[in-house]
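These are my notes from going through the coordinates. I looked up pockets first, then salt bridges, then a few single sites.

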Amino acid sequence: MPASLATVATILKEIYEPQVREQLENRTVALKRIQRSGDGIETNVGGKYVTFPIHTRRNSGIGARNEMELLPTPGQQAFTAGRVNLKFQYGGIQVTGQLIELADKNYQAFANALDQEIKGLKNDLGKDLNRQVYGNGVGTIATITADGVNTVTVADPMYLQMGMQIDIVDGTTLAAATPTVKVSNRQVTGINLTTGVVTYSGADGTAVAGDVITRTGNGNREWTGLGAIIKNSGTIYNIDPTVEPTWAAQYDTSGANRAVSEGLMINMADSIMTAGGKVTAIFSNLGVRRAYWNLLSQQRQYVNTQEFAGGFKGLAFTTDQGEIPFVSDTDAPKNAMLFVNEDELTLYREKDWEWMDRDGNMFSRVYGYDAYEARMYQYSEIGCHRRNSFGLIDKLTEG
């Protein structure tokens, strides 16, 4: 039987899609911890958003009086509603007509080629979502410090990749629903990891310090990650901490880098506990993890790797409330520790990654070419229900 779009779609959907859905979570640290149990995923997300109530204020009708004095004015509890707007994530593959013909003549070669495309897409989707867990929703890949001819210098190129399609976005418009794009849809053709110089294709554009690089089209369209959640200012989920002061994370910053210390860490854990929250994990990159390891070693403390619930392994930070897992992740921001209450994070999504086949076929022809595209999609967003139980210590010296 000759190969057709219908038979190829069947092969992909029945053989390869389960591998994408199973392995996507296993290759990412932060994303996996958010999804560490069914409690971390909510699929009842009809429409474009979900709402959740939060308790923000106590009853103020309390007081002490002498005999025959006016009693306190009755009060009430105060609540407000958060709104989680879903974000729309996509990934796609493209195969040529010639590749499809291979299914007739050499099924193994055809399957191997598709396997590479599917696995590559799976890795890329997982890695990008893991990056978004730490982001602020704007989509910033790197912040520009200087401009050049078909080049920009960035503060840190860690999230950039060769071949990535990028926009250069006006840094003064990042709060807008649609930020201003100065340079659109360029391809990264060179990255100097030492100097931070990034070369891009196409016509030269003009950038200034403070502008940012995003994936093409991603400006203000990514997940509301920890970069937005762990702040003591800024409205998220339609709740403003200047109106509801309890809707603010704990924040410890400094003008210059400082050494990692248990004093800083204990103070942050105490601040979160004072706000009524708890810490289930501390996230950092490898450099801060090394600094913490060195601190424990210098103090001759027990530094063997600990194993925590769910099969996660790592160092531990010991408090009077018990041990807190210290989790290292290559995608975590540099020079920082993120104190996270994973119980107050939910990944809202209607379903996991699916092939876009609403018209009955997952493939669509690329107009004008002997090629076909298949795309995956996921409608999802990270929701935080108790912002004050999260904290950040930044400006830390890495080891």
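**Entry 1: largest pocket.** I began with the largest pocket, whose volume is about 900 Å³. The model is a predicted one, so I take the volume as computed from predicted coordinates. I counted 30 lining residues, and those closest to the pocket centre are Y134, T143, Y159, P333 and K334. I then asked which elements supply at least two residues each to this lining. They are β5 (140-147), α5, β16 and β21 (391-394). Of the elements, β5 gives the most, with four residues. By class I noted 14 nonpolar, nine polar and seven charged residues in the lining.

**Entry 2: second largest pocket.** The next pocket down has a volume of about 770 Å³. It is lined by 29 residues, of which Y90, G91, G92, L121 and R215 are the closest to its centre. Two or more lining residues come from each of β4 and α4 (107-133). Which element has the largest share of this lining? It is α4, with nine residues. I sorted the lining into nine nonpolar, twelve polar and eight charged residues.

R215, listed among the residues closest to the centre of this pocket, turned up again when I went through the salt bridges. It belongs to a salt-bridge network with D128, R131 and E222.

**Entry 3: cavities.** I searched the whole structure for cavities of 30 Å³ or more and found two. The second largest cavity holds about 30 Å³ of space. Its lining consists of A30, I34, V133, L226, F283, V340, E342 and L345. Seven of these lining residues are nonpolar, none is polar and one is charged. I kept E342 in mind for the next entry, as E342 is part of this lining.

**Entry 4: salt bridges.** The structure has 13 salt bridges. I wrote down three pairs that link distant parts of the chain.

E342 pairs with R33, and their closest N and O atoms are 2.5 Å apart. R33 sits in helix α2 (residues 29-34), while E342 is in the loop between β16 (336-340) and β17 (345-349), and 309 residues separate the two. Are these partners buried or exposed? R33 counts as buried because its relative accessibility is 5%. E342 is buried too, with 4% relative accessibility.

R57 and E244 form a salt bridge with an N to O distance of 3.1 Å. R57 is in strand β2 (residues 49-57) and E244 in the loop between α5 (226-229) and β11 (250-252), so this bridge ties together parts 187 residues apart in sequence. The two ends have unlike surroundings in my table of accessibilities: R57 is partly exposed at 42% relative accessibility, whereas E244 is buried at 11%.

In the third pair, E381 bridges to K87, with the closest N and O atoms 3.3 Å apart. E381 belongs to strand β20 (residues 371-384) and K87 to strand β4 (residues 87-96), so parts 294 residues apart in sequence are tied together by the pair. Both E381 and K87 are buried.

**Entry 5: V366.** I looked up V366 as a single site. It lies in the loop between β19 (363-365) and β20. Its relative accessibility is 16%, so V366 counts as buried, the cut-off being under 20%. What does V366 contact once its neighbours within four places in sequence are left aside? The contacts are Q94, A371, Y372 and E373. Q94 is 272 residues away along the chain, and its C-alpha atom is 8.6 Å from that of V366.

**Entry 6: whole chain.** I closed with totals. The chain has seven helices and 21 strands. Of its 399 residues, 44% are buried. Taking contacts between residues at least 6 apart in sequence, 76% join residues at least 24 apart. The exposed area of the chain is about 20200 Å², and 49% of that is supplied by carbon and sulfur atoms.

Technical notes. Residues are numbered from 1 along each chain as its sequence is written. This is a predicted model: local features need pLDDT of at least 70, side-chain atom pairs count only at pLDDT 80 or more; totals for chains, interfaces and linings use all residues. Side-chain values use heavy atoms; hydrogens and water are left out. A salt bridge is a side-chain nitrogen of Lys or Arg within 4 Å of a carboxyl oxygen of Asp or Glu. Buried means under 20% relative accessible area, exposed over 50%, partly exposed in between (1.4 Å probe, protein chains only). On a 1 Å grid over the protein atoms alone, a cavity is a set of points where a 1.4 Å probe fits but cannot get out, and a pocket is an open set with protein on both sides within 12 Å along at least five of seven lines; lining residues have an atom within 4 Å of a point. Grid points are joined across faces, edges and corners, and a volume is the space filled by probe spheres set on the points. Ala, Val, Leu, Ile, Met, Phe, Trp, Tyr, Cys and Pro count as nonpolar, Asp, Glu, Lys and Arg as charged, and the others, Gly among them, as polar. Contact means heavy atoms within 4.5 Å. Accessible areas come from the Shrake-Rupley method with a 1.4 Å probe; for residues, only the protein chains shown count as cover.
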